[in-house]
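This report describes one strand and its surroundings within a sheet. The sequence and structure are shown first.

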Amino acid sequence: MSHNLTRGIVRSLGIAVLALPGLVAAGSAAQAGGVSGPAFYVDHELYRTVATPTDLSGTGAPERAWDTIYSFGAVQPSVATAAPGDRDYNGGRWQVHAVSLTGTYAEALSAGDLDGNGVLDSADEVQAAMDGGALVDGGVVKYFVCTVNPVPSGNA
């Protein structure tokens, strides 16, 4: 196993153990009865959420029943694969994948920031960074339900 892959797996496990900070913040807002601040990107747009205290692991639901959220831990906001209005949106049922850097964030941006705006903010960009070897997908670390709400202009 290559050193970079080993380091990426270790970082992925670290992200999973750190409990996915961006999503934990969203969950804290929900427990307090409020809406989170900006939580994740979908197709270059920033969204917030009201997380729910759900754990849908072990339900046996088929893969197609879930949309994916790629969690970067504290590196940047998460990136989701769908939002309301998208043809394949699954109603806020999520499988969270912990992704980790194999090198620096700048290297991940170089490999994946297709629009050059300084952040990985779409599933295509996350995939490009993975294809370029700059990110490693550590697999599913959580299944849950939460809403997807656009961040109003000027509140990002």
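## Strand β3 and its neighbours

Strands β3 and β4 run antiparallel and are joined by 2 bridges; two strands count as paired if DSSP finds at least two bridges between them. Helices (H or I, at least four residues) and strands (E, at least two) are DSSP runs, numbered from the N terminus. The model is predicted, so local features need pLDDT of at least 70 and side-chain atom pairs count only at pLDDT 80 or more, while totals for chains, interfaces and linings use all residues. Residues are numbered from 1 along each chain as its sequence is written, and side-chain values use heavy atoms, with hydrogens and water left out.

β3 and β4 form a hairpin with 6 residues between them. In the turn, Gly 73 has a positive phi of about 65°. β3 (residues 67-71) also pairs with β5 (residues 93-101), in the parallel sense and over 5 bridges. Residues that stand opposite one another are listed below.

| Residue in β3 | Opposite residue |
|---|---|
| Asp 67 | Trp 94 in β5 |
| Ile 69 | Val 96 in β5 |
| Ile 69 | Ala 80 in β4 |

Of the 5 residues of β3, 5 are buried, that is, under 20% relative accessible area with a 1.4 Å probe, protein chains only. Asp 67, Ile 69 and Ser 71 lie on one side, and Thr 68 and Tyr 70 on the other.

The open sheet has 7 strands in the order β6-β5-β3-β4-β1-β2-β7, with mixed pairing. Its edge strands, β6 (135-145) and β7 (149-150), each pair on one side only.

Key. Buried means under 20% relative accessible area, exposed over 50%, partly exposed in between (1.4 Å probe, protein chains only).
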